[in-house]
Amino acid sequence: MHSIPSLNVVDLMLDAVCLVNVDSTIVFVSPAFERIFGYQPEEVVGKRMLDMVHPDDLAITQRQAKSVTEGNLQLQFENRYLRKDGTIAHIRWTARWLPEQQVRLAVAHDITERRLTESMQAVIYAISEAAHTTQNLQSLFQHIHQIIGRLLPATNFAVALYDAQADALSFPYHVNESLPAPPPMALAQDALCAEVIHNGCTLLLTPENRTAHPPPAPQQRPPLYWLGVPLQTQKGAIGALVLQSYTEQGRYTDKDKDLLQFVSTQVAAAIERKQMHERLEHMAQYDQLTHLPNRQLFLDRLKTALARARRDQRLLSLLFIDLDRFKEVNDTLGHAMGDLLLQRVAQRLLECVRGSDTVARLGGDEFVVLLESGLARDHATTVADKILSAFTQPFDLEGIRLNIQPSIGVAIYPEHGGEEDHLLGHADEAMYLSKKSGGNQVRVAQQAEAPVQAL
């Protein structure tokens with residue numbers, strides 16, 4: 001028979017045993033308290049247990065403590081505590097009241113790792129869902145910011161994207177309490193991001209190790225902690241996630257670095273998916289040569305603008321534009337020069353209208369301008385004359401100076417019809433009459449037999 005030495009079982013337990021007075025003053029904690037909370041027993045005896053509770057969980061913890069003191073057994077209560085090093089511990093408590101000693105007996109089981117695993121699974125699902133449900137990249141970045149904020153302090157968060165073809169770095173999403181505007185290229189922030197992206201390695205700067213890296217620019221308040229993680233895809237790094245903290249309460253550790261690096265894989269896939277979706281959407285709605293709205297997108301905008309004009313009882317105008325003798329350009333200079341001319345024409349048309357107006361390419365050398373012209377009927381002819389004047393300047397086609405003029409037809413709602421096809425048909429017919437009369441002129445459509453009574 002082997003004799004069993006006398007053991008203090010409480011000292012051997014992995015869970016922490018605590019005795020706490022009614023006012024939450026700690027009377028006793030077992031050695032496991034240090035492993036879970038970071039404090040040695042002698043550091044906390046005499047201190048209030050509630051002072052270590054996470055602020056967001058204080059109220060519910062006070063209610064649970066009161067319930068235990070009233071004699072109710074507690075078996076599955078969970079809350080969060082701030083460890084000695086400032087990190088968060090997730091605890092599941094079993095507790096009861098000892099009336100003879102007038103203390104609460106509680107056993108703390110550390111479930112931090114389990115909670116972290118559950119949070120990681122929830123974050124991965126949330127990022128995947130955001131990639132499918134958000135409308136655009138900006139909305140996706142906002143969702144990612146919120147999602148990462150569930151895992152780490154993320155008050156100061158940025159997404160940097162790298163354009164490999166242009167070798168350029170941009171910050172399409174940037175939230176920073178010290179630097180409200182996205183940083184210009186000169187700031188050290190870019191140098192750090194470039195290092196993360198080009199090396200493909202996560203970088204964590206702390207007060208202890210930042211001497212090896214350039215300080216921020218003078219106009220930027222230096223963060224105490226800087227954490228950058230590359231957004232890796234099969235094609236390489238497409239950018240970086242950046243977290244910054246200006247206080248010790250928001251410190252980042254090697255564990256946080258590993259955590260963000262794991263999440264970044266999902267974020268990179270979500271961004272890549274959204275970028276592909278936006279490219280496909282752009283291809284479906286925009287002319288690939290001029291990058292102007294194509295016929296389908298123009299018709300959608302015209303339909304919406306007409307509904308708005310009917311509701312507000314305002315005018316709407318269409319300018320149908322065709323280039324005079326464009327075929328001769330293709331025949332004499334080649335289709336490449338013809339394509340270049342169409343690009344130059346698109347740019348010049350955009351310079352003649354407001355940002356709220358629509359310039360679209362319907363096909364070939366046919367363009368259309370949609371003007372929401374309020375109550376000024378002559379606004380359309382004013383813009384058309386401005387376009388004619390702009391076309392008096394020759395186009396520079398890689399050293400070849402080419403003069404080309406437009407024929408312009410104008411149709412106005414409600415005078416020339418109340419439906420999309422009617423307005424577009426009248427504007428097209430007016431343009432044809434302009435071209436038939438020698439081109440380089442503006443022709444307003446003839447009034448419809450039964451004009452729409454909207455004004």
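Which elements are included in what covers the buried residues of α12? I took this as the starting point and worked through a predicted model.

**Entry 1, the helix.** I looked up α12 and found that it runs over residues 379-390, twelve in number. From its first C-alpha to its last I get 17 Å, close to the 16 Å expected at 1.5 Å a residue.

**Entry 2, its buried residues.** I listed the residues of α12 that count as buried: His-379, Ala-380, Val-383, Ala-384, Ile-387, Leu-388 and Ala-390. I noted the general rule that an α-helix has 3.6 residues a turn, so residues three or four places apart point the same way.

**Entry 3, the cover.** I then went back to the opening question. The cover over the buried residues of α12 includes one helix, α11 (335-351). It also includes the strands β11 (315-323), β13 (366-374), β16 (406-413) and β17 (442-444).

**Entry 4, the whole chain.** I counted 13 helices and 17 strands in the protein chain. Its radius of gyration is 34 Å, well over the 23 Å that the globule rule gives for 455 residues, so the chain is more spread out than a compact globule. Along the principal axes I read a C-alpha span of about 115 × 55 × 45 Å.

**Entry 5, burial and contacts.** I find 45% of the 455 residues buried. Of the contacts between residues at least 6 apart in sequence, 58% join residues at least 24 apart.

**Entry 6, surface and charge.** I have about 23,800 Å² of accessible surface for the protein chain, with 52% belonging to carbon and sulfur atoms. The chain has 42 positive and 54 negative charges, and I note that their mean positions are 3 Å apart.

Note on methods
Residues numbered from 1 in each chain as written. Predicted model: local features only at pLDDT ≥ 70, side-chain atom pairs only at ≥ 80, totals over all residues. Heavy atoms only, no water. Helix = DSSP H or I, 4+ residues; strand = E, 2+ residues; numbered from the N terminus. Rg over C-alpha atoms; globule rule 2.2 N^0.38 Å. Buried < 20%, exposed > 50% of the residue type's maximum accessible area, 1.4 Å probe, protein only. Contact = heavy atoms within 4.5 Å. Areas by Shrake-Rupley, 256 points an atom, 1.4 Å probe, with all protein chains shown as cover. Lys, Arg positive; Asp, Glu negative; His and termini not counted. Charge placed at Lys NZ, Arg CZ, Asp CG, Glu CD. Expected span 1.5 Å × (residues − 1).
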